[in-house]
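Grab a coffee and work through these exercises with the model open beside you. Each one sets a task and then walks through a solution.

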Amino acid sequence: MNISPVVKVVQPSGILNGAKAQPFRKEILNHVENGADIVLIDFKDVTFMDSSGLGALVLALKTVRAGGSQILVCSINEQLKTLFELTSMDRVFTIYANQDDFNNAVL
Amino acid sequence: MRQFPSDVNALDKVLSWFEGMNRPFIPQKVCLQCQLALAEAFTNAVRHAHKNCSPEVTVDIEVTLLPQYLEMRIWDYGPPFDLEQQLKNVPETVNENAHGGRGLSILHQIADELSYTRTDENRNCLLIVKHY
């Protein structure tokens with residue numbers, strides 16, 4: 001019998017820059033503190049992300065990994081893809097096409 | 001030339017202004033890179049150059065589209081800053097452990113030419129040149 005991991009989804013929207021970086025990071029960390037094994041960040045409603053938004057995600061990743069949990073990413077548009085590639089974060093994060101793709105792969 | 005308030009929340013205005021420009025001849029990838037470079041430049045001006053300024057102090061942006069390349073100029077009223085020296089401290093590739101400094105690194109990677117010069121009227125001008 002498999003025990004499914006506890007998955008929580010964070011779904012930010014609009015422009016993810018310095019103005020939203022702190023609450024975004026907090027939301028991720030709150031889920032982990034409440035027992036999530038995996039936090040899936042679904043970026044489908046994010047139109048644009050800059051280095052401050054990405055910085056928040058990377059900061060959260062460190063804390064989450066230290067606690068033995070994971071951050072996974074899905075539904076990034078071409079702009080986010082550009083940002084992830086330029087900063088080599090496409091090699092740090094596992095990125096799924098969408099939530100279905102994630103569900104098939106992980107659950 | 002367009003003026004924007006020194007407020008990170010004004011980034012949406014900067015982005016929609018840039019998106020509204022007619023540029024069918026620029027490949028999408030280059031467009032996205034330039035949009036990101038512009039956002040990083042604007043945010044740097046607001047957060048660093050205008051750190052001690054009120055939001056009414058504007059960041060002035062000019063984008064010039066030419067057949068082979070584009071030029072983006074971002075003016076601020078901040079103190080002088082030695083960008084070249086700072087760039088020497090920024091690694092070529094961004095590693096996972098770097099928290100800050102990603103903005104400059106992104107600018108450095110995207111731009112074919114990048115300069116930050118002191119102008120008359122005690123302003124600074126960041127120039128980003130990108131070939132298509």
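**Exercise 1: Helix 3 of chain A**

The buried residues of helix 3 of chain A pack against strand 4 (45-49), helix 2 (51-66), strand 5 (70-74) and strand 6 (95-96) of chain A, along with helix 2 and helix 4 of chain B. Packing here is judged by contact, meaning heavy atoms within 4.5 Å. Helices (H or I, at least four residues) and strands (E, at least two) are DSSP runs, numbered from the N terminus.

Before you start, the ground rules: this is a predicted model, where local features need pLDDT of at least 70 and side-chain atom pairs count only at pLDDT 80 or more, while totals for chains, interfaces and linings use all residues. Residues are numbered from 1 along each chain as its sequence is written, chains are lettered from A and ligands numbered from 1 in the order in which they are written, and side-chain values use heavy atoms, with hydrogens and water left out.

*Task.* Work out which residues of helix 3 of chain A are buried, and look at what sits at the ends of the helix.

*Solution.*
- Step 1: take residues 78-86 and pick out the buried ones: A:Gln79, A:Leu80, A:Thr82, A:Leu83, A:Phe84 and A:Leu86. Buried means under 20% relative accessible area, exposed over 50%, and partly exposed in between (1.4 Å probe, protein chains only).
- Step 2: go to the N-terminal end, where A:Asn77 acts as the cap, with a side-chain oxygen 3.0 Å from the backbone nitrogen of A:Gln79.
- Step 3: step just past the helix and you'll meet A:Ser88, which has a positive phi of about 60°.

**Exercise 2: Where the chains meet**

*Task.* Describe the contact between chain B and chain A, then find the salt bridge across it.

*Solution.*
- Step 1: count who takes part: 25 residues from chain B and 26 residues from chain A.
- Step 2: get the area. The two chains bury about 2000 Å² between them, with 62% of it on carbon and sulfur atoms. Buried area is the accessible area (1.4 Å probe) that two parts lose on being put together, summed over both.
- Step 3: look for charge pairing. The rule finds one salt bridge across this interface, and B:Lys29 and A:Glu85 make it with their side chains (3.0 Å, N to O). The cut-off is a side-chain nitrogen of Lys or Arg within 4 Å of a carboxyl oxygen of Asp or Glu.
- Step 4: ask which elements of chain B do the touching. Helix 1 (11-19), helix 2 (28-49) and helix 4 (102-110) of chain B each give two or more residues. Helix 2 of chain B gives the most, with 10 residues.
- Step 5: sort the chain B side by type, and you get nine nonpolar, 10 polar and six charged residues. Ala, Val, Leu, Ile, Met, Phe, Trp, Tyr, Cys and Pro count as nonpolar, Asp, Glu, Lys and Arg as charged, and the others, Gly among them, as polar.
- Step 6: check the exposure of the bridge partners. B:Lys29 is partly exposed at 38% relative accessibility, and A:Glu85 is partly exposed at 35%.

**Exercise 3: Two buried residues of chain A**

*Task.* Find what A:Ser52 and A:Val10 touch, leaving aside neighbours within four places in sequence.

*Solution.*
- Step 1: place A:Ser52 in helix 2 of chain A. A:Ser52 is buried, at 18% relative accessible area.
- Step 2: list the contacts of A:Ser52: A:Asn17, A:Gly18 and A:Ala21, plus B:Thr43 and B:Arg47 from chain B.
- Step 3: move to A:Val10 in strand 1 (residues 7-10) of chain A, which is buried with a relative accessible area of 0%.
- Step 4: check the contacts of A:Val10, among them A:Phe24, A:Ile28, A:Val39 and A:Ile41. The C-alpha atoms of A:Val10 and A:Val39 are 7.0 Å apart, though 29 residues separate the two along the chain.

**Exercise 4: Salt bridges elsewhere**

*Task.* How many salt bridges are there over all chains, and how accessible are B:Arg73 and B:Glu71?

*Solution.*
- Step 1: search the whole structure, which gives five salt bridges.
- Step 2: take B:Arg73 and B:Glu71, whose closest N and O atoms are 3.0 Å apart. B:Arg73 is partly exposed at 22%, whereas B:Glu71 is buried at 16%.
- Step 3: finish with the network of salt bridges that links B:Asp60, B:Glu121 and B:Arg123.

Technical notes
Polar contact = N/O pair within 3.5 Å; in protein donor to acceptor, adjacent residues only side chain to side chain.
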